[in-house]
Amino acid sequence: MAYASETDAARALASRVVAAIAQKPELVLALPTGRTPLPLYRELVRLHQERQVSFAKVHTFNLDEFRGLAPDDPGSFRAYMERHFFSKVDVQPERIHFLSGQAEDAGEECERYEGELAQVGGIDLAILGIGSNGHIAFNEPAEKLLPRTHLTKLSRETREANAGLFGGDAVRVPLEAYTMGMETILGAREVALMATGAKKAEILARALEAEITERVPASLLQRHPCLSVYADEAAAAKLKRAR
Ligand code: PGA
């Protein structure tokens with residue numbers, strides 16, 4: 001669905017999140033970072049301040065995290081989430097699930113994350129952004145995607161897109177990151193894809209209306225039975241079908 005502005009898209013998705021929590025207070029959310037979800041977090045914080053929603057029983061699982069960074073490193077996704085969301089709502093610390101950038105054994109860390117997710121019954125609602133190369137979380141375009149949570153190398157394009165967290169210096173962006181796999185994400189009962197701004201128009205159309213290929217990881221979302229798209233008009237401009 002195309003909304004007039006990114007604020008309108010964020011408001012619509014925030015309403016969906018509030019409704020889902022009203023129905024199931026212990027909702028399991030998968031959450032993204034980046035520029036796109038900022039208006040969503042602002043709106044959810046506002047709704048919480050107005051007592052329209054409580055996150056007290058919600059479980060959150062972030063999609064990804066840089067390898068090598070401590071949770072309080074300002075460049076980490078954990079620090080981003082604290083800044084923009086966790087510190088401003090009533091989500092309980094023991095219900096915040098995060099991949100640890102400092103884990104000693106990468107394989108064990110990925111298993112731990114998948115295990116925690118399984119223990120709470122899997123993802124109810126996965127909220128996603130889309131990279132301009134078609135990545136979802138840190139599932140970069142590949143010949144063969146790894147289906148479950150794994151450690152991955154970041155493309156140059158993705159490191160440049162994340163430079164903002166590192167004083168604008170792409171060289172400081174870690175070379176590797178942990179990410180949920182596409183199968184982990186597609187296991188969610190509901191998926192909400194956010195895309196805003198003209199820079200996402202081309203890739204959004206390729207993801208939603210062209211062939212399904214691991215070269216465009218976001219195109220795999222076409223297979224999900226319960227996918228909603230929250231795009232502004234600029235990002236939806238190249239879609240042939242109205243949404
Ligand atoms: P962005 O990043 O929201 O900052 O554009 C999206 C992504 O790369 O997944």
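Q: What does it take for a residue to count as near a molecule?

A: A residue is near a molecule if one of its heavy atoms lies within 4 Å of that molecule. In this predicted model, the residues around the ligand are Gly-34, Arg-35, Thr-36, Ile-130, Gly-131, His-135 and Lys-200.

Q: How do the residues of this shell divide into nonpolar, polar and charged?

A: The shell around the ligand holds 1 nonpolar, 4 polar and 2 charged residues.

Q: Which polar atoms lie close to oxygen atoms of the ligand?

A: A polar contact is a pair of N or O atoms within 3.5 Å. A polar side-chain atom of Lys-200 is 2.5 Å from a ligand oxygen, and an N or O atom in the side chain of His-135 is 2.6 Å from a ligand oxygen. For Arg-35, a polar backbone atom lies 2.9 Å from an oxygen atom of the ligand.

Q: How much of the ligand does the protein bury?

A: The ligand taken alone exposes 280 Å², and the protein buries 80% of that area. The space that the ligand takes is the largest pocket.

Q: How should one read the radius of gyration of the protein?

A: It is compared with the value for a compact globule. With 243 residues, such a globule would have a radius of gyration near 18 Å; the protein has 17 Å, so the two agree. Its C-alpha atoms fill a box of roughly 45 × 45 × 35 Å along the principal axes.

Q: How many helices and strands does the protein have?

A: The secondary structure comprises 8 helices and 10 strands.

Conventions. Residues numbered from 1 in each chain as written. Predicted model: local features only at pLDDT ≥ 70, side-chain atom pairs only at ≥ 80, totals over all residues. Heavy atoms only, no water. Polar contact = N/O pair within 3.5 Å; in protein donor to acceptor, adjacent residues only side chain to side chain. Areas by Shrake-Rupley, 256 points an atom, 1.4 Å probe, with all protein chains shown as cover. 1 Å grid on protein atoms, 1.4 Å probe; cavity = no way out; pocket = protein on both sides within 12 Å on 5 of 7 lines; lining within 4 Å. Sits in = over half its atoms within 2 Å of the grid points. Nonpolar A, V, L, I, M, F, W, Y, C, P; charged D, E, K, R; others polar. Helix = DSSP H or I, 4+ residues; strand = E, 2+ residues; numbered from the N terminus. Rg over C-alpha atoms; globule rule 2.2 N^0.38 Å.
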